[in-house]
Amino acid sequence: MNYFITVDGVVITGFYSDKYTDIPASAVPISFIEGELLRKCSNFSLWQYVGTAVVQAPAPALTAADFTSAVQSHLDATARTRNYDGILSACSYATSTNLPFSVEGQACVAWRDAVWLYCYQQLALVQAGTRTIPATTAAFIAELPVISW
């Protein structure tokens, strides 16, 4: 028999087996197969003890930081499609004396502004309770304005 420790149903520490004599009283007995599943998981917080079974815990809720990071990555990746280092680099060309670079730089500035304006508007709606948090960052990225080069 294997055992593990939980706090509020979340597996917090690993395993004890029958060969140990100092198994904590709060340890929960689990099957060999459940123990093997947990051993293979490097992050115990991904698993929960529910009733009499160990199950994978639900993914943590997305945070504003998750969306901010995804949006910034999207901005940078889009700028890189035109061989800029990222959106900051692309925007720096807005005042270039080279007309094609200047046009692209100005397009990036306008697009970046539109994207972040949309993000802050959506955040305000979520905070007001009139919009739900998007299920995935990818779904939110799909809502963003598209750049016009």
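1. What volume does the largest pocket have? In this model, which is predicted rather than determined by experiment, the largest pocket has a volume of about 290 Å³. Its lining is made up of 16 residues, and those closest to the centre of the pocket are A64, F67, C119, L123 and F140. The elements that contribute two or more residues to this lining are helix 2 and helix 4, and helix 4 provides the largest share, with six residues. By character, the lining residues divide into twelve nonpolar, three polar and one charged. C119, one of the residues closest to the centre of this pocket, counts as buried, at 10% relative accessibility.

2. For a reader who wishes to place these elements in the chain as a whole, the fold has five helices and five strands, which follow one another from the N terminus in the order β-β-β-α-β-β-α-α-α-α. The chain has 149 residues, of which 32% are buried. Among the contacts between residues at least 6 apart in sequence, 48% join residues that are at least 24 apart.

3. How many salt bridges does a search of the whole structure find? The search finds two, and one of them is formed by the side chains of E104 and R82, with a distance of 2.6 Å from N to O. Because E104 belongs to helix 4 (residues 99-128) while R82 sits in the loop between helix 2 and helix 3 (87-91), this pair ties together parts that are 22 residues apart in sequence. The two partners can also be described by their accessibility: E104 is buried, at 16% relative accessibility, whereas R82 is partly exposed, with a relative accessible area of 35%.

4. R131 and E143 also form a salt bridge, in which the closest N and O atoms are 2.6 Å apart. Here R131 lies in the loop between helix 4 and helix 5 (137-143) and E143 lies in helix 5, so the pair ties together parts that are twelve residues apart in sequence. As for accessibility, R131 is buried, with a relative accessible area of 18%, and E143 counts as partly exposed, at 32%.

5. Why does C91 form no bond with the closest cysteine sulfur? The closest cysteine sulfur to that of C91 belongs to C108 and is 5.4 Å away, which is too far for a bond; a disulfide would need the two sulfur atoms to be within 2.5 Å. The structure as a whole holds zero disulfides. C91 itself is buried, with a relative accessible area of 9%.

6. Which residues does T78 touch, leaving aside those up to four places away in sequence? They are W111, I147 and W149. T78 is part of helix 2 (residues 64-80), and its relative accessible area of 14% makes it a buried residue.

7. W111 also appears in a second spatial relation, this time with S148, since the C-alpha atoms of S148 and W111 are 7.7 Å apart in space although the two residues are 37 residues apart in sequence. S148 is placed in the segment after helix 5. In contrast to the buried T78, S148 counts as exposed, at 61% relative accessibility.

8. Helix 4 also contains A110, which is partly exposed, with a relative accessible area of 49%. The C-alpha atoms of A110 and A94 are separated by 10.0 Å, and these two residues are 16 residues apart along the chain.

9. A final point concerns the backbone at N83, which has a positive phi of about 70° although N83 is not a glycine. This deserves a reader's attention because most residues other than glycine have a negative phi. N83 is located in the loop between helix 2 and helix 3, the loop that also holds R82. Is N83 buried or exposed? With a relative accessibility of 73%, N83 counts as exposed, whereas R82 is partly exposed, at 35%.

Definitions and conventions:
Residues numbered from 1 in each chain as written. Predicted model: local features only at pLDDT ≥ 70, side-chain atom pairs only at ≥ 80, totals over all residues. Heavy atoms only, no water. Helix = DSSP H or I, 4+ residues; strand = E, 2+ residues; numbered from the N terminus. Buried < 20%, exposed > 50% of the residue type's maximum accessible area, 1.4 Å probe, protein only. Contact = heavy atoms within 4.5 Å. Salt bridge = Lys/Arg side-chain N within 4 Å of Asp/Glu carboxyl O. 1 Å grid on protein atoms, 1.4 Å probe; cavity = no way out; pocket = protein on both sides within 12 Å on 5 of 7 lines; lining within 4 Å. Points joined across faces, edges and corners; volume = space filled by probe spheres on them. Nonpolar A, V, L, I, M, F, W, Y, C, P; charged D, E, K, R; others polar.
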